[in-house]
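Colleague: I would like to learn how to read a protein–DNA model feature by feature. Could we begin with the elements that face the DNA and then turn to single contacts?

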Protein chains: 2
Amino acid sequence: MKKHAAIGEAARITGVKAPTIRYYEQIGLLPPPPRTDANRRHYSTNDLRRLSFIRHARELGFEVEAIRTLLTLQDAPDQPCKEADAIARARLAEVEHRIARLTALKVELSHMIACDGHGGIRQCRVIESLADESHDHGRLD
Amino acid sequence: MKKHAAIGEAARITGVKAPTIRYYEQIGLLPPPPRTDANRRHYSTNDLRRLSFIRHARELGFEVEAIRTLLTLQDAPDQPCKEADAIARARLAEVEHRIARLTALKVELSHMIACDGHGGIRQCRVIESLADESHDHGRLD
DNA sequence: GCTTGCTCCTCTAGCGACTAGAGGATGTAG
DNA sequence: CTACATCCTCTAGTCGCTAGAGGAGCAAGC
């Protein structure tokens, strides 16, 4: 990984698009980097790590506010464990909830794919299984 | 399930909020229902099933356009279900990918919680694991 | 030096899929 | 007959980007 990168290179390295990087700066997720004489952003290795972190967390479905919390932890590594622990536990609960929900959805999707292509949509279980009233009506979020 | 329902009752039955039901009508996902003398929407059992279908599909992560396709297939039941099946398969792949990712994160979060009481967050691997370059950089969407 | 073409800058506007609120009409219970 | 819930339409806001306009700067070839 290089020591300094312009925004385009940072985008290439981290997989976060340049406009999104600027957006993250705007909303305060990424600190404003130093600029060159020509007013161009210059990212350090640390910035790139932070960006990679944000990207992976976003891919996992964490909201920006949750990521902000995790980054705050990262920025203050000597914080008392009590607080860190509480935040981690909250995130873990969220992750477990997501896994449970996704696992249920996976089962449903697997059943839906049992359609074998004989005789058209009437025998296709994709639609049937989604319209099925026997599915729970409880809140999931 | 009752034969006719006002929008509030439809919301209660299907779990889709009233403004969202109107929104679905607006974007053409739900056909405009008949109105009473006082201009109030009146939903049939069939509308409620369609709404339940939409809700389930949204919860499964289907985009509105994908749902529109599924509903079109449903409305023309003699079409082959290859398309619907393909959509479901794509969803299943994504769901499995997310489960795998979240499971990995869950392990790291568990470790983080397990490390409490010994010198703070520095020993925790959550942030490290999310910033880890060894994670793939390929497109996910 | 000069031109070509890429990258970068800021700014505003748009997207999907809702959600919230204003302001007003109607339906129902005591 | 008066509350109060429910409904109506409408506009505007939310989140997390994404696209485009319009302009400046840099590196490389001639």
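Modeller: In this predicted model, α1 (7–14) of chain A and α2 (18–26) of chain B each supply at least two residues of the surface near DNA strand C. The largest share of that surface, three residues, comes from α2(B).

Colleague: Which residues come closest to DNA strand C, and how many surround it?

Modeller: There are 17 residues around DNA strand C, and the closest are A:Gly8, A:Arg22, A:Arg41, B:Tyr24 and B:Arg58. By class, the residues of this surface divide into six nonpolar, three polar and eight charged.

Colleague: Which parts of DNA strand C do the atoms within 4 Å of the protein belong to?

Modeller: Of those atoms, 80% belong to sugar or phosphate, and the rest belong to bases. Individual pairs can then be read one at a time: a polar side-chain atom of A:Arg22 lies 2.8 Å from a phosphate oxygen of DNA strand C, and one of A:Arg35 lies 3.1 Å from a phosphate oxygen of that strand. For A:Asn39, the partner of the polar side-chain atom is a sugar or linking oxygen of DNA strand C, at 3.5 Å.

Colleague: How should I read a helix such as α1(A), and which of its residues are buried?

Modeller: The general idea is that an α-helix has 3.6 residues a turn, so residues three or four places apart point the same way. In α1(A), the buried residues are A:Ile7, A:Ala10, A:Ala11 and A:Thr14. Seen down the helix axis, the buried residues of α1(A) fall within an arc of 105 degrees, so they line one face of the helix.

Colleague: What do the buried residues of α1(A) pack against, and what phi does A:Gly15 take just after the helix?

Modeller: Those buried residues pack against β1 (4–5), α2 (18–26), β2 (43–44) and α3 (45–59) of chain A. Just after α1(A), A:Gly15 has a positive phi of about 80 degrees.

Colleague: Which elements and residues should I look for at DNA strand D?

Modeller: Here α2 of chain A and α1 (7–14) of chain B each supply at least two residues of the nearby surface, with α2(A) giving the most, three residues. Of the 17 residues around DNA strand D, the nearest are A:Tyr24, A:Arg58, B:Gly8, B:Arg22 and B:Arg41. A polar side-chain atom of A:Tyr24 lies 2.7 Å from a phosphate oxygen of DNA strand D, while for B:Arg41 the corresponding distance to a phosphate oxygen of that strand is 2.8 Å.

Terms used:
Residues are numbered from 1 along each chain as its sequence is written. Chains are lettered from A and ligands numbered from 1 in the order in which they are written. This is a predicted model: local features need pLDDT of at least 70, side-chain atom pairs count only at pLDDT 80 or more; totals for chains, interfaces and linings use all residues. Side-chain values use heavy atoms; hydrogens and water are left out. A residue is near a molecule or strand if one of its heavy atoms lies within 4 Å of it. A polar contact is a pair of N or O atoms within 3.5 Å; within protein, one must be able to donate a hydrogen and the other to accept it, and residues adjacent in sequence count only if both atoms are side-chain atoms. Helices (H or I, at least four residues) and strands (E, at least two) are DSSP runs, numbered from the N terminus. Ala, Val, Leu, Ile, Met, Phe, Trp, Tyr, Cys and Pro count as nonpolar, Asp, Glu, Lys and Arg as charged, and the others, Gly among them, as polar. Buried means under 20% relative accessible area, exposed over 50%, partly exposed in between (1.4 Å probe, protein chains only). The arc is that of the directions from the helix axis to the C-beta atoms. Contact means heavy atoms within 4.5 Å.
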